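Student: Please choose one part of this structure and go through it closely, with the cut-offs behind each term. I would rather have one connected account than a list.

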Amino acid sequence: MSKHMEAAATTQPELFFWERPELDFPLYDDETMGLWQPILLIGSAVAALVSLSFLPDSRMVKSAALFFGPLVPYLIVARGNIFTIIKRPRLGDIILVPVTLILTIAYSLGMGILLYKLGFEIQGNAVYNETRDAVFFAFLFVQLFGEEMVKLNIFLGVLILAFKRTGNRKMSVVVAIIITLFIFGIAHFRAYNGSLVQILLVQGAGSIFALFCYMRSKNILTSYAMHFLQDFLFLI
């Protein structure tokens with residue numbers, strides 16, 4: 001066991017003020033965690049995103065790739081225990097969803113207006129041109145859970161690596177947040193016609209609210225619910 005892990009094992013983790021003291025992130029302080037597990041988490045998430053450029057232009061196929069691509073590797077690393085990230089929602093979790101939904105909509109619209117005023121051309125997602133029937137929303141329902149799993153795998157993978165290296169939980173969380181938002185933003189490069197500033201500041205940084213839902217509740221269902229409602233509102 002490393003000195004960092006020995007110190008972590010004998011002291012309580014230093015939480016951020018917005019975290020609940022009875023909840024913590026899974027896996028990152030597991031002393032049996034090897035190097036391959038966080039690499040698998042990060043690699044599977046990135047592979048799922050990259051595969052979208054090569055898969056057939058079918059929402060069913062792409063939704064399945066985004067759903068199973070990160071989920072199966074997570075279950076492997078978590079030894080089949082999905083309840084490390086899925087929990088019964090609390091009242092606070094339910095309240096958290098509309099609050100962060102309002103914040104993310106306000107941020108997205110505000111940042112979009114700011115970029116437009118600064119002379120940047122705001123790109124729309126091609127998904128807005130698709131037929132929005134019951135089948136479309138059914139696949140969207142599946143796909144967005146996959147997108148949250150992608151973010152979660154990257155976040156936890158980086159958190160594990162950073163914590164193993166530094167033993168500093170707060171620093172590791174910050175590093176994991178930054179890398180997660182950056183990768184998730186870059187993943188929208190083709191969807192928004194290569195508008196780099198937009199995808200980093202809107203799609204990337206704007207995802208902090210959904211990620212915060214998970215970080216606060218340690219329950220992916222809250223970030224998933226918020227993300228689905230956000231996209232549903234913009235689509236309709």
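Tutor: What follows is a close look at helix α8 and its surroundings.

This is a predicted model, in which local features need pLDDT of at least 70 and side-chain atom pairs count only at pLDDT 80 or more, while totals for chains, interfaces and linings use all residues. Residues are numbered from 1 along each chain as its sequence is written, and side-chain values use heavy atoms, leaving out hydrogens and water.

Helices here are DSSP runs of H or I with at least four residues, and strands are runs of E with at least two, numbered from the N terminus. Two packed helices are described by the angle between their axes and the distance between the axes. Axes are lines fitted to C-alpha atoms, for helices over the stretch in contact, and angles run from 0 to 180 degrees between N-to-C directions.

Helix α8 (residues 208-217) and helix α9 (residues 220-235) have axes that come within 7 Å and cross at roughly 155°. That makes α8 roughly antiparallel to α9, the class for angles over 145 degrees. Their crossing is right-handed, meaning that the near helix is turned clockwise from the far one by less than a right angle. On the α8 side Phe209, Ala210, Cys213, Tyr214 and Ser217 meet Ile220, Thr222, Ser223 and Met226 of α9, where contact means heavy atoms within 4.5 Å. These residues divide into six nonpolar, three polar and no charged; Ala, Val, Leu, Ile, Met, Phe, Trp, Tyr, Cys and Pro count as nonpolar, Asp, Glu, Lys and Arg as charged, and the others, Gly among them, as polar.

Helix α5 (residues 134-166) also packs against α8, with axes that come within 11 Å and cross at roughly 65°, again in a right-handed crossing. Here Glu148, Lys151, Leu152, Phe155 and Leu156 of α5 meet Ala210, Leu211, Tyr214 and Met215 of α8, and this contact divides into seven nonpolar, no polar and two charged residues. Ala210 and Tyr214 thus appear in the contact with α9 and in the contact with α5.

At Ser217 the account reaches Asp93, which lies in helix α4 (residues 91-117). Leaving aside its neighbours within four places in sequence, Asp93 is in contact with Arg20, Arg88, Ser217, Asn219 and Thr222. Asp93 is buried, with a relative accessible area of 3%, since buried means under 20%, exposed over 50% and partly exposed in between (1.4 Å probe, protein chains only).

How values were computed: Parallel < 35°, antiparallel > 145°, perpendicular 65-115°, else oblique.
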